[in-house]
Structure formats: structure tokens, C-alpha cells
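Subject: Structure for you to look at

Hello,

Here is the structure I said I would pass on. Please open it alongside this note; my findings follow below.

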Amino acid sequence: MSNGLLDDLYLQIAPVIAGAGTGRTLADGEQIPMHLAATRAFANGVIEAHYTLQPR
């Protein structure tokens, strides 16, 4: 992501409860400008988020 090689990013987010300090970042803490293009919710609680990356 930090090299600008992506045009679109689809994330599927599952509703899971985790303890403190168990999360990880996608871009090693670097902020990458993105635009939320669309979302979709599934019956099992999963949410899909479609992001487009904005030019730098």
C-alpha cells in the first residue's frame, strides 16, 4: 500500500472481540489517503468496505 501499487482495497470485517494489544495495522502506522466508495453488510454480521486510494 505504501508504494502506491493498489487502486482499490476491499476489507471484510468480522465481528470479533479481542483483548487489548492484539490488533495490527495494515500500513505500519503510515496514513494513506483513502475514500470509502461502498459498503455491504452480510446476514452473518460481516461488513465489506470498498476503498479507493486517492492520488498523492
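One term before the findings: two strands count as paired if DSSP finds at least two bridges between them. By that rule, S1 (residues 8-13) pairs with S3 (residues 47-53) through six bridges, and the two strands run antiparallel.

Please keep in mind that this is a predicted model. The mean pLDDT of the protein is 83, and 84% of the residues reach at least 70. Among the elements, S2 has the highest mean pLDDT, at 94. S1 has the lowest, at 91.

**Overall fold**

The protein has three strands and zero helices. Along the sequence the pattern reads β-β-β. The strands form an open sheet in the order S1-S3-S2, and the pairing is antiparallel. S1 and S2 are the edge strands, each pairing on one side only. From one strand to the next, the twist averages 20°. As background, strands of a sheet pair through backbone hydrogen bonds, either parallel or antiparallel.

**Strand pairing**

Start with S1 and S3. Here Ile13 sits opposite Ile47 of S3.

Now the other pair. S2 spans residues 34-41 and joins S3 over seven bridges, again in the antiparallel sense. Two positions help with orientation. Met34 lies opposite Leu53 of S3. Ala38 has His50 of S3 as its bridge partner.

What links S2 and S3? They form a hairpin, with five residues between them. Gly45 lies in that turn and has a positive phi of about 95°.

**Surface and contacts**

The protein has 56 residues, and 14% of them are buried. The exposed area is about 4,700 Å². Carbon and sulfur atoms supply 53% of that area. Contacts between residues at least 6 apart in sequence include many long-range cases: 58% of them join residues at least 24 apart.

**His50**

His50 is in strand S3. Is His50 buried or exposed? It is buried, because its relative accessible area is 15%, and the cut-off is under 20%. Setting aside neighbours within four places in sequence, His50 contacts Asp8, Leu9 and Tyr10. The same list includes His35, Leu36, Ala37 and Ala38. Ala38 is also the bridge partner of His50, as noted above.

**Asp8**

Asp8 belongs to strand S1. Its relative accessibility is 37%, so Asp8 counts as partly exposed. Apart from residues up to four places away in sequence, Asp8 touches His50, Tyr51 and Thr52. Asp8 and Ala37 are 29 residues apart in sequence. In space, their C-alpha atoms are 9.3 Å apart.

**Arg40 and the salt bridge**

Arg40 is in strand S2. With a relative accessible area of 44%, Arg40 is partly exposed. Not counting residues up to four places away in sequence, Arg40 touches Val46, Ile47 and Glu48. Arg40 and His50 are ten residues apart in sequence, and 8.6 Å separates them from C-alpha to C-alpha.

How many salt bridges are there? The count comes to one. Which side chains form the salt bridge? Those of Arg40 and Glu48, at 3.4 Å from N to O. That distance falls within the 4 Å cut-off, so the pair qualifies. In general, side chains of opposite charge can pair when their charged atoms come close.

The two partners differ in exposure. Glu48 counts as buried because its relative accessibility is 15%, whereas Arg40 is partly exposed at 44%.

**Recap**

This is a sheet of three strands in the order S1-S3-S2. S1 joins S3 by six bridges, and S2 joins S3 by seven. His50 is buried and contacts residues including Asp8 and Ala38. Arg40 and Glu48 make the salt bridge.

Best wishes

Methods. Residues are numbered from 1 along each chain as its sequence is written. This is a predicted model: local features need pLDDT of at least 70, side-chain atom pairs count only at pLDDT 80 or more; totals for chains, interfaces and linings use all residues. Side-chain values use heavy atoms; hydrogens and water are left out. Helices (H or I, at least four residues) and strands (E, at least two) are DSSP runs, numbered from the N terminus. Axes are lines fitted to C-alpha atoms, for helices over the stretch in contact, and angles run from 0 to 180 degrees between N-to-C directions. pLDDT is the predictor's confidence in each residue, from 0 to 100. Buried means under 20% relative accessible area, exposed over 50%, partly exposed in between (1.4 Å probe, protein chains only). Contact means heavy atoms within 4.5 Å. Accessible areas come from the Shrake-Rupley method with a 1.4 Å probe; for residues, only the protein chains shown count as cover.
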